[in-house]
Structure formats: structure tokens, C-alpha cells
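Work through the following exercises with the sequence and the coordinates at hand. Each task sentence is followed by a solution that goes step by step.

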Amino acid sequence: MSSNLIITCILVALVAAVVVAWYLGKSVRFSKGNYGKKTVKSVLRRYAATHNFKLLENVEMELDGSSQTIDFILVGFFGLIFVSALQGKGDFYGDFKEEKWTFVDEEQRIRFNNPVIEMDKKLEMFRCIIAQKKVYNLKVDTAIVVVSTKTDVPMYLSNVRENNPVMNVEQFRKMLGNEKYERDNNVDVDTVCKVLRELKGN
């Protein structure tokens, strides 16, 4: 066997090993339940860095004895984007008007709170708190990003809103490419971040 052929075989084996290690690592992270948030965070961090925006994680709010936590808030000159991350290697079934959605894979069937309604609750609480702080006219968009090891996440949704906040990672990246997020609506990013960090304990 020639030396060139040996080298080629070694390189192919190394590439295969790297691919297998990456896939296994991805599967482990996914099974631990943190792959979804890490994936979304990575997308948001890159976007924030290239636009001089700020990214806040696990933002907690309290109002009248109730509490809410927002996975991520992107703060930019345009306003805010509230982002929740979901993950699953199976199929998602949901009706925007029903309290519960269903996730099904080869091993389990899980009922969970409608993430759209949950996001509505977070947004409503946020609006109430910032009104108390006399902060108005702050534009807020929402996104519920469903992450899977599959390229295309099977989602079977009904009564979908005109502006559907539920999307996969590629759709989320496309959303961030919307020109409206390039607009300067005179939002003081640092001041808004300070307000967001003080939402708990009001």
C-alpha cells in the first residue's frame, strides 16, 4: 500500500471519528435537556455581537405574588425580542387556543403547557411592570424556537396566529434577518437592560 493511500485512509478515519464524536456529543447534550437552549443562545449571541445589541438570559419577573422567567431577551435599538426554547426529537402537536400541547417520540408521549399562551403571560406581566416604571412604547416581538436533532422539526399546529411565533432554528435565523430589526427606534439599550435586570421583586 502506498504512503499516499495510507495517509488518505488515516485522514478519512479521522474525519469519520470527528463526525461521530460531534453527533454523539450533540445527542448527549440533547438528552440532558440543554441542547435547545444552547443552540438558541448561540444564534442570539452571534446576532447580538454583530449588531452591538445585548442578550439577557433567564430574566425573572415578579408581580402580585406570581413569577415568570424568560429564557432570553434580545435588547436592540429596535426594541426587544422575547425568546423561549423548546427541544424534542419527536413530533409536536398543538392548538394555539388550547391550554396543553403534546410531544410524541418513540419512547414517550408528553403533555405540556401551551408555549404560546405561556409567552402571552410573560408579555402581559412585563407590560404591567414596565408601566409601573413609566416605560412606554417599547416594541416587543416574541419567538418560540423548537430545536431538534432533525433538520425539519415535525410540528402539527392548528388555529395558528397570523404572526406565528413558533418556529424552527432556520426560521428563527430568517426572522432575525428582517429589516425591522435594523431600525433605530431610539431605544437606550443600556437603560433598558438595567430595567430588565430589576423586574424581579417589584
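Throughout, a residue is called buried under 20% relative accessible area, exposed over 50% and partly exposed in between, with a 1.4 Å probe and protein chains only. The model is a predicted one, in which local features need pLDDT of at least 70 and side-chain atom pairs count only at pLDDT 80 or more, while totals for chains, interfaces and linings use all residues. Residues are numbered from 1 along each chain as its sequence is written, and side-chain values use heavy atoms, with hydrogens and water left out.

**Exercise 1. The chain as a whole**

Task: Determine how many helices and strands the protein chain has, and in which order its elements run.

Solution: Helices (H or I, at least four residues) and strands (E, at least two) are taken as DSSP runs, numbered from the N terminus. On this basis the protein chain has 5 helices and 9 strands. Read from the N terminus on, the order is α-α-β-β-β-β-β-β-α-β-β-β-α-α. Of the 202 residues in the protein chain, 39% are buried.

**Exercise 2. Aromatic pairs**

Task: Classify the ring pair of Phe-92 and Phe-112, and state where its two members lie.

Solution: A pair of aromatic rings is described by the distance of the centres and the angle of the planes. Rings of Phe, Tyr and Trp (its six-membered ring) pair if their centres lie within 6.5 Å; planes under 30 degrees apart count as stacked, over 60 as edge-to-face and the rest as tilted. The structure holds 10 such aromatic pairs. For Phe-92 and Phe-112 the centres are 6.3 Å apart and the planes stand at 85 degrees, so this pair is edge-to-face. The pair links distant parts of the chain, since Phe-92 belongs to strand E4 (residues 91-95) and Phe-112 to strand E6 (residues 109-113), 20 residues apart. Both Phe-92 and Phe-112 are buried. Elsewhere, ring pairs join Tyr-47, Phe-53, Phe-77, Phe-78 and Tyr-181 into a cluster.

**Exercise 3. Helix H3 and the core**

Task: Compare the expected span of helix H3 with the distance between its end C-alpha atoms, and find what H3 gives to the largest nonpolar core.

Solution: The expected span of a helix is 1.5 Å times one less than its number of residues. Helix H3 (residues 115-132) has 18 residues and should therefore span 26 Å, which agrees with the 26 Å between its end C-alpha atoms. At the start of H3, a side-chain oxygen of Asn-114 comes to within 2.8 Å of the backbone nitrogen of Val-116, while just after H3, Lys-134 adopts a positive phi of about 60 degrees. Buried residues of H3 include Val-116, Ile-117, Met-125, Phe-126 and Ile-130.

A nonpolar core is a set of buried Ala, Val, Leu, Ile, Met, Phe, Trp, Tyr and Cys residues joined through side-chain atoms within 4.5 Å. The largest one has 33 residues, and among those with the most contacts inside it are Ile-73, Val-75, Phe-126 and Leu-199. The elements giving two or more residues to this core include strand E1 (54-63), strand E2 (66-76), H3 and helix H5 (189-196). The largest share of this core, 6 residues, is supplied by H3.

**Exercise 4. Positive phi values**

Task: For Asn-58 and Asn-186, report phi and the location in the chain.

Solution: Most residues other than glycine have a negative phi. Asn-58, although not a glycine, has a positive phi of about 50 degrees; Asn-58 lies in strand E1 and is partly exposed, with a relative accessible area of 39%. For Asn-186 phi is positive and near 60 degrees; Asn-186 is in the loop between helix H4 (169-176) and H5, and at 72% relative accessibility Asn-186 counts as exposed.

**Exercise 5. Cysteines and a buried aspartate**

Task: Which of the three classes, buried, partly exposed or exposed, applies to Cys-128, to Cys-193 and to Asp-71?

Solution: Cys-128 is partly exposed, at a relative accessible area of 36%, whereas Cys-193 is buried, at 2%. With a disulfide defined as a pair of cysteine sulfur atoms within 2.5 Å, a search of the whole structure finds 0 disulfides. Asp-71, in strand E2, is buried with a relative accessible area of 16%, and the side chain of Asp-71 reaches the backbone nitrogen of Ala-85 at 2.9 Å. Such a polar contact is a pair of N or O atoms within 3.5 Å; within protein, one must be able to donate a hydrogen and the other to accept it, and residues adjacent in sequence count only if both atoms are side-chain atoms.
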